[in-house]
Amino acid sequence: MNVEVKEIDGVLTGILNGRLDTAAAEQCREDLKPLFETNGKALALDCTNLEFISSSGLRIFLELLKKATQDGGSLKVLNPNDDVRNIFQLIGFAKRFSL
């Protein structure tokens, strides 16, 4: 799992590459720390190259969404592949997240 954080068009974006499984979740959360530390900003997670997401990865997404909305910001999930999108739909995250 590789995570890069960039500001793109004024939006702090976490770019996720690879498999976000249980083994990678702790490091991923650490790499996304700049997104957790913003207050009231627009945030995004670019999932173009996210191949898989486990429940541990979903927990990170949910924590980040809660933090962003509590601070008056927002979080968008960009370009999830069909597998990731299906997982979001099955567990009800498609209604909570802006995809």
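These are my notebook entries on a predicted model.

**Overall build**

I began with the secondary structure. I counted five helices and four strands in the protein. I then read the elements from the N terminus and wrote down β-β-α-α-β-α-β-α-α.

Next I looked up the dimensions. The C-alpha trace spans about 30 × 25 × 20 Å along its principal axes. For a compact globule of 99 residues I would expect a radius of gyration near 13 Å, and the protein has 12 Å, so the value agrees with that expectation.

I also checked burial and surface. Of the 99 residues, 40% count as buried. The exposed area of the protein is about 5400 Å², and I noted that carbon and sulfur atoms supply 44% of it.

For contacts, I took the pairs of residues at least 6 apart in sequence. Among these contacts, 64% join residues at least 24 apart.

**The sheet**

I asked myself in what order the strands of the sheet lie. The sheet is open, has four strands and runs β1-β2-β3-β4, with mixed pairing. The edge strands are β1, residues 2–8, and β4, residues 74–78, and each of them pairs on one side only. Ignoring direction, I find neighbouring strands turned by 20° against each other on average.

I then went through the sheet pair by pair.

- β1 and β2: β2 covers residues 11–20, and seven bridges join β1 to β2 in an antiparallel run. I noted Val3, whose bridge partner in β2 is Leu16. I also noted Glu4, which stands opposite Ile15 in β2.
- β2 and β3: β3 covers residues 42–53, and eight bridges join β2 to β3, the two running parallel. On this side I find Ile15 opposite Asp46 in β3.
- β3 and β4: the pairing is parallel and extends over five bridges. One entry here is Ala42, with Ser74 as its bridge partner in β4.

Ile15 turned up twice in this list: it faces Glu4, and it also faces Asp46.

I looked at the turn between β1 and β2 separately. The two strands form a hairpin with two residues between them. Asp9 lies in that turn, and its phi is positive, about 50°.

**Helix α1 on the sheet**

Which strands does helix α1 touch? I find that α1, residues 22–31, packs on the sheet and touches β1 and β2. I recorded the angle between the direction of α1 and that of β2 as about 165°.

**Cysteines**

How many disulfides does the structure hold? I counted zero. I wanted the reason, so I looked up the sulfur distances: from the sulfur of Cys28, the closest cysteine sulfur is in Cys47, at 9.4 Å, which is too far for a bond. Starting from Cys47 instead, I arrive at Cys28 as the closest, again at 9.4 Å and too far for a bond. The cut-off I applied to the sulfur pair is 2.5 Å.

Are these cysteines buried or exposed? Cys28 is buried, at a relative accessible area of 1%. Cys47 counts as buried too, at 0% relative accessibility. Cys28 also falls within the residue range of helix α1, 22–31, and Cys47 within that of strand β3, 42–53.

How values were computed: Residues are numbered from 1 along each chain as its sequence is written. This is a predicted model: local features need pLDDT of at least 70, side-chain atom pairs count only at pLDDT 80 or more; totals for chains, interfaces and linings use all residues. Side-chain values use heavy atoms; hydrogens and water are left out. Buried means under 20% relative accessible area, exposed over 50%, partly exposed in between (1.4 Å probe, protein chains only). Two strands pair if DSSP finds at least two bridges between them. Axes are lines fitted to C-alpha atoms, for helices over the stretch in contact, and angles run from 0 to 180 degrees between N-to-C directions. Contact means heavy atoms within 4.5 Å. The radius of gyration is taken over C-alpha atoms; the globule rule is 2.2 Å times the number of residues to the power 0.38. Accessible areas come from the Shrake-Rupley method with a 1.4 Å probe; for residues, only the protein chains shown count as cover.
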